[in-house]
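Biologist: I'd like to learn how to read a strand in a protein model. Could you walk me through one?

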Amino acid sequence: MEDQPQGFLAGHLVGFLTPRQVKRPLPDTEGMNLVKLVDDFHSEDACRKFLEGLRWPDGVRCPRCNGATISRIVERDQFDCDSCRYQFSVTAGTIFNDTHLPLWKWFMAVYLIGESKKGISANQLKRTLGVNYRTAWYLSHRIRAAMISDLEPLLGTVEVDSTWIGGKPRHPAAVDAYGHRKRGPRPGRKASVAGAVARGGAIRLRVQREGMTMRDFIGKAIADKAPAIYTDEWAGYQKLGDADTKHESVNHHAYEWVRGDVHTNTIESAWSLLKRSIIGSYHHLSVKHLDSYLDEFEWRYNNRRNDFLFRDTMLALLRAEKMPYKELIERPA
Ligand SMILES: [Zn+2]
């Protein structure tokens with residue numbers, strides 16, 4: 001994996017590492033599994049080495065002045081910048097530096113959260129990692145906060161729908177004679193979520209806050225030139241189409257679910273997966289944190305065929321903005 005002889009990096013040597021010397025590809029974590037994870041990252045040293053390759057694939061850079069002439073202080077697991085004399089570790093300025101938690105617990109948490117199809121609760125994380133609840137809660141929120149899909153507007157055939165999330169199971173009266181959910185605001189801890197999914201592609205989910213219409217959501221989530229948008233018959237979807245986008249709907253009220261290619265089964269499946277994951281993992285969903293739950297869901301869904309999910313999540317964490325615990329718990333609803 002490295003051009004350097006092993007001894008050069010492993011030995012107690014304060015060397016001068018220039019980008020040219022240590023140029024190497026991003027660490028290879030293809031097909032990560034639990035056994036490989038434990039095998040590769042059971043020591044802090046191995047974790048640090050991995051983070052170093054991920055953070056500086058072209059060689060260590062000073063986080064303060066971007067200098068590339070860096071000395072390695074092996075005994076202290078630190079680097080020393082030759083230009084500005086700043087001494088730093090591989091986790092300096094990243095969220096990994098915020099906790100006194102061993103790196104391997106972070107690694108394990110990232111793996112577990114990324115791999116569990118329906119998410120993992122803070123309580124389960126607590127038991128699995130042998131940490132206290134507060135730490136587990138903090139870890140899962142931190143990791144979730146980094147899971148933000150940076151997506152281009154959706155193209156292709158896109159299905160659009162919205163659903164209600166949260167609160168107690170729906171009262172039967174909230175469902176009409178046809179078994180369809182009634183639209184409109186509901187009291188209590190519920191939120192409406194707007195979703196768009198490109199068939200065979202990515203998903204976009206957003207909490208519909210006051211003043212945000214489905215049309216606003218669609219305008220942001222879907223590319224102007226997407227060839228087709230499929231919805232149900234709801235009046236709010238009228239006149240969605242234009243010259244290069246056809247809009248068709250199935251009429252659920254008339255028991256029509258599929259008409260040729262026109263249906264919303266993909267987004268309906270995503271809703272059921274989302275709801276099962278919320279019920280299974282979180283029990284009491286707080287609408288306040290719904291945005292980050294949706295980000296996590298999106299991340300997992302959009303990376304469902306990514307063999308490098310673990311590496312890419314670690315990369316996202318390295319790049320994530322630091323969010324202090326206080327801010328995290330006080331995040332506005
Ligand atoms: Zn520097």
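Modeller: Sure, and let's begin with burial: of the 333 residues in the protein chain, 28% are buried. A residue is buried if 20 or more other C-beta atoms lie within 10 Å of its own, exposed if 12 or fewer, and partly exposed in between, with C-beta atoms placed from the backbone. This is a predicted model, where local features need pLDDT of at least 70, side-chain atom pairs count only at pLDDT 80 or more, and totals for chains, interfaces and linings use all residues. Residues are numbered from 1 along each chain as its sequence is written.

Biologist: How many helices and strands does the protein chain have?

Modeller: There are 12 helices and 9 strands. Both are DSSP runs numbered from the N terminus: helices are H or I with at least four residues, strands are E with at least two.

Biologist: Where do the side chains of strand β3 point?

Modeller: In a regular strand, side chains alternate between the two faces of the sheet. In β3 (residues 78-81), Phe 79 and Cys 81 are buried on one face, while Gln 78 and Asp 80 point to the other and are not buried.

Biologist: Which strands are joined to β3 by bridges?

Modeller: Two strands pair if DSSP finds at least two bridges between them. Strand β2 (residues 70-73) runs antiparallel to β3, with 4 bridges, and Ile 70 stands opposite Cys 81. Strand β4 (residues 87-88) is also antiparallel to β3, with 2 bridges; here Phe 79 stands opposite Phe 88.

Biologist: What about the turns?

Modeller: The β2–β3 hairpin has 4 residues between its strands, and Asp 77 in the turn has a positive phi of about 55°. In the β3–β4 hairpin there are 5 residues between the strands, and Arg 85 takes a positive phi near 65°.
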